[in-house]
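Me: I am new to this structure and would like to learn how to read its features one at a time. Could we go slowly, with the general idea before each case?

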Amino acid sequence: MQNQQNLNLPTMGCGTWAWGNRLLWGYNQNMDEQLQQVFNLCVQNNITLFDTGDSYGTGKLSGRSEQLLGQFTKQYHGPNQNNICIATKLAPYPWRLTRNSFIKAAENSSKRIHKNIDLVQMHWSTANYAPWQEIPLLNALCDLYEQQKVKAIGLSNYGPKRLKQIHKLFSQRNIPITTLQVQYSLLSTYPITQLNLKETCDELGIKIIAYSPLALGLLTGKYTPNTPLPKGIRSLAFSQMLPGIQPLLNTMQEIANHRNKTLSQIAINWCISKNTIPIPGAKNLKQAQENIGSLGWKLDQNEIEELDKIAAGVPKKMIQNNFQTK
């Protein structure tokens, strides 16, 4: 259908989950202004895909991430203005049981974004715990597409087996699945290397969006076994993983030194080299500028193979999303 042809997917996008989560800890006008600058810089440098979700920001700040993206889009005037693509994920909450409930959720997201959604995505599959809930919600996304209220439909955290089943459902209505979002990085290759998801997506004409390409910061070099770890649940995971990933970080650093790049830029460019669209977060201009430095060059095949080999030998990798299906 013609709607899909209007969706412009760049080489790299920007994940706004960080914006939504950060706002939970303290919202103020200065933060808004800083994030507007981040948004502007990204768009000016051809990063025009912004991924968010209606679950980013809870309680009194419910939907705040979507609201900010709508605000930033309205206030931006400059290069690539017409190429901005807002992708949001609708959460299949337990109380969203009908087609109308999901259509209403999409309409509320559109109000917060101040325009129709460019790419609407199912945030996760309910196949692992409530498979009967999923089909009505997916049919709602198809309804939105047919009514031209969204330009394209994507999925998130689906494995190849479930993806083929849903693709068959969509094909019956002649509706394409444009993207599939999965956790993917040098420390999270499970969807590609073990589920063979890339082959399935290539076969079905689906583009992979890689979320958490920096492995929650582990691939930035910010954390070492001798530096303070982040608070909360990440602390335990990081303490267990850091000793075993040092050979990978050392190799990344050698490549970074040779190319005059940073570890983050090596990690992001590796995702791009795998023909995925990474969506690293950016909370400030420094992080945005570093992300932008991942573009305009490519790791060579020898570097990619070396990173692949060492990453495969890492003893403990990132924990997979509980909602990831097979």
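Reply: Let us begin with a term we shall need for the helices: a residue is called buried when its relative accessible area is under 20%, exposed when that area is over 50%, and partly exposed in between. Please keep in mind throughout that this is a predicted model.

Me: With those words in hand, which residues of helix H13 are buried, and which exposed residues does the face turned away from its buried side carry?

Reply: In H13, which covers residues 301-312, the buried residues are Glu303, Ile304, Leu307 and Ala311. Because these residues span an arc of only 100° around the axis, they lie on the same side of H13. The face turned away from that buried side carries the exposed residues Asn302, Lys309 and Ala312.

Me: What do the buried residues of H13 pack against, and what is found at the start of the helix?

Reply: The buried residues of H13 pack against helix H10 (233-259) and helix H11 (263-273). At the start of H13, a side-chain oxygen of aspartate 300 comes to within 3.1 Å of the backbone nitrogen of asparagine 302. As for its length, H13 has 12 residues and reaches 16 Å from its first C-alpha to its last, close to the 16 Å expected at 1.5 Å a residue.

Me: Which residues are buried in helix H9, and what do they pack against?

Reply: Helix H9 (residues 197-204) has Leu197, Lys198, Thr200 and Cys201 as its buried residues. They cover an arc of only 160° around the axis, and are therefore on the same side of H9. Their packing partners are H7, E6, helix H8 (190-194) and strand E7 (207-211). After H9 comes glycine 205, whose phi is positive, near 75°.

Me: How should I read a salt bridge, and how many are there?

Reply: The general idea is a side-chain nitrogen of Lys or Arg within 4 Å of a carboxyl oxygen of Asp or Glu, and by this rule the count comes to 13 salt bridges. One of them joins arginine 99 to aspartate 143, with the closest N and O atoms 3.0 Å apart. This pair links distant parts of the chain, since arginine 99 is in helix H5 (residues 99-113) and aspartate 143 in helix H6 (residues 131-146), 44 residues apart. Arginine 99 is partly exposed at a relative accessible area of 36%, whereas aspartate 143 counts as buried at 11%.

Me: Which other residue meets aspartate 143 in a salt bridge?

Reply: The side chain of arginine 173 also meets aspartate 143, at 2.6 Å from N to O. Arginine 173 lies in the loop between H7 and strand E6 (179-183) while aspartate 143 is in helix H6, so the pair ties together parts that are 30 residues apart in sequence. Through shared partners, salt bridges join Arg99, Asp143, Glu146 and Arg173 into one network.

Me: How many aromatic pairs are there, and what does a stacked one look like?

Reply: Two aromatic rings pair if their centres lie within 6.5 Å, and planes under 30 degrees apart count as stacked; by this rule there are eight aromatic pairs. Tyrosine 93 and tryptophan 95 form a stacked pair, with 4.6 Å from centre to centre and 20° between the planes. Tryptophan 95 counts as exposed, at 61% relative accessibility. Finally, Phe39, Phe50, Phe72 and Tyr76 form one aromatic cluster.

Terms used: Residues are numbered from 1 along each chain as its sequence is written. This is a predicted model: local features need pLDDT of at least 70, side-chain atom pairs count only at pLDDT 80 or more; totals for chains, interfaces and linings use all residues. Side-chain values use heavy atoms; hydrogens and water are left out. Helices (H or I, at least four residues) and strands (E, at least two) are DSSP runs, numbered from the N terminus. Buried means under 20% relative accessible area, exposed over 50%, partly exposed in between (1.4 Å probe, protein chains only). The arc is that of the directions from the helix axis to the C-beta atoms. Contact means heavy atoms within 4.5 Å. The expected span of a helix is 1.5 Å times one less than its number of residues. A polar contact is a pair of N or O atoms within 3.5 Å; within protein, one must be able to donate a hydrogen and the other to accept it, and residues adjacent in sequence count only if both atoms are side-chain atoms. Rings of Phe, Tyr and Trp (its six-membered ring) pair if their centres lie within 6.5 Å; planes under 30 degrees apart count as stacked, over 60 as edge-to-face and the rest as tilted.
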